[in-house]
Amino acid sequence: MGKLTKILFFITLCVFSVVALTGCGGEKSAQRQLKVYNWGDYIDPEVIKDFEKETGIKVIYDTFATNEDMYVKIKSGGSDYDVAIPSDYMIKRMINEDLLEKIDYNNVPNYKNISDKFKNLAFDAKNEYSVPYMWGTVGIIYNKTMVQEPVDSWGILWNKKYAKQILMVDSPRDSIGVTLKYLGYSLNTDKDNEIEAAKLKLIEQKPLVLAYVVDEVKDKMISGEAAMAVVWSGDAMFMKEKNSDLEYAIPKEGTNLWFDSIVIPKGAKHKKEAEEFINYLSRPDIAQRNVEYIGYATPIPEVEKNLDPDVQADIAAYPGDQILANTEVFDDLSKNLVKYDKAWTEIKAAR
Ligand code: N2P
């Protein structure tokens, strides 16, 4: 090879390598992506895989245990989530704090499958920011071999007979909320004396509490480690199926009715993909797989109709109008929230 040929050869080689490398890099960054933030145990993992297969969109999937954990992460910025699934009161707070994108419902044609009962709810009155995913109540799951008396009041959570056999939910609004209901107050109260009374009641209960848990409650109740637990309804369905000694009760003092809806955090880099994912989750066959896997209740009537009749009739999944009449939805407490935060910190710190 002559000198010039050699130089030309090297130049060509370099150009090719650069093209190959950046070409490769270019291809990678062209892969469509989606970063999802959901509750623990709140989707059939196969649904995520099938979405990736059908759309070619790569899903990065993270979970949270409570609305408050999710809020802190998204509020602090830099978490890059394209999709999140908070509850009602937290959605309202995020709308008020400009933390959510408006959804383009033209990209979510399956929104039509959602029952009108779940539209125009107070937290997103004009249906601009959220698409219903699951809904339910809060109640007590108990083991019939350990609890023989009727479970019809939140008061059983203070019965010394069950010392160290009671699991509480490690979520401030839920635990304080059911205590407020027990005391005959609204679970959205802003009255200092009522919040204080609930706080003292929960501190009084602490010696009886085996643990404050969230997703771990399922393993513990299924294996018979505790007699009762305050839980979200769909988790109760899941547990009942795994251990037939377990039963779910909604106390007579009333409870919380909640709605979890899918939202797009402000500034999401993959909004189109997020809307595609929301549409996918709202497709009846996909929604049915999720509902059957996780145990929660669907806002899609066509899915509800296809479920096992025993599930449709179970109050842990689909409480009737009479139970629903005695429920309250959490409100965004805005400036009064600090009162609850302070009470919860004191409850958790007490011994
Ligand atoms: C599932 C959590 C359910 C959320 N582990 C209740 N809002």
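Let's start at glutamine 205, which sits in helix α6, a run covering residues 192-205. This is a predicted model, so treat what follows as a reading of that prediction. With a relative accessibility of 0%, glutamine 205 counts as buried, because the cut-off for that label is under 20%. Its side chain has a polar partner: one of the polar atoms lies 3.2 Å from the backbone oxygen of leucine 157. Leucine 157 also turns up among the residues that glutamine 205 touches, together with Trp158, Ile166 and Met168, once residues up to four places away in sequence are set aside.

Now hop over to the ligand. Around the ligand you'll find Trp39, Gly40, Tyr42, Ser87, Asp215, Trp232, Asp235, Trp258, Asp260 and Tyr296. Some of these come with polar distances to look at. Glycine 40 uses its backbone, with a polar atom 2.7 Å from a nitrogen of the ligand. Two aspartates use their side chains instead: aspartate 215 has a polar atom 3.0 Å from a ligand nitrogen, and aspartate 260 has one at 2.8 Å from a ligand nitrogen. As for coverage, the ligand on its own has 260 Å² of accessible area, and the protein covers 99% of it.

Next, have a look at the aromatic rings. The model holds 18 aromatic pairs. Take tryptophan 39 and phenylalanine 64: their rings are 5.1 Å apart, centre to centre, with 50 degrees between the planes, and the pair is classed as tilted. Tryptophan 39 belongs to strand β1 (residues 33-39) and phenylalanine 64 to strand β2 (residues 58-64), so this pair ties together parts that are 25 residues apart in sequence. Both tryptophan 39 and phenylalanine 64 are buried.

A second pair to pick out is tyrosine 42 with tyrosine 133. Their ring centres are 5.4 Å apart and the planes meet at 80 degrees, so this one is edge-to-face. The pair links distant parts of the chain, 91 residues apart: tyrosine 42 is in the loop between β1 and α2 (45-55), while tyrosine 133 is in strand β4 (residues 131-143). Tyrosine 42 is buried, at a relative accessible area of 3%, and tyrosine 133 counts as buried too, at 4%.

Those four residues also belong to one aromatic cluster, made up of Tyr37, Trp39, Tyr42, Phe64, Tyr81, Tyr133, Trp232, Trp258 and Tyr296. If some of these names ring a bell, look back at the ligand: Trp39, Tyr42, Trp232, Trp258 and Tyr296 are among the residues that surround it.

One cluster member, Tyr81, has a charged partner as well. Lysine 35 lies over the face of tyrosine 81, at 4.9 Å from the ring centre. There's another arrangement of this kind at tyrosine 111, where the charged end of lysine 119 sits over the ring, 4.3 Å from its centre.

To finish, swing round to threonine 327 in strand β10, which spans residues 327-328. Threonine 327 has a relative accessibility of 16% and counts as buried, because that value falls under the 20% cut-off. The side chain of threonine 327 reaches the backbone oxygen of leucine 324 at 2.6 Å. Leaving out residues up to four places away in sequence, threonine 327 touches Thr255 and Leu257.

Methods
Residues numbered from 1 in each chain as written. Predicted model: local features only at pLDDT ≥ 70, side-chain atom pairs only at ≥ 80, totals over all residues. Heavy atoms only, no water. Helix = DSSP H or I, 4+ residues; strand = E, 2+ residues; numbered from the N terminus. Buried < 20%, exposed > 50% of the residue type's maximum accessible area, 1.4 Å probe, protein only. Polar contact = N/O pair within 3.5 Å; in protein donor to acceptor, adjacent residues only side chain to side chain. Contact = heavy atoms within 4.5 Å. Phe/Tyr/Trp six-rings, centres within 6.5 Å; stacked < 30°, edge-to-face > 60°. Lys NZ or Arg CZ within 6 Å of the ring centre and 35° of its normal. Near = heavy atom within 4 Å. Areas by Shrake-Rupley, 256 points an atom, 1.4 Å probe, with all protein chains shown as cover.
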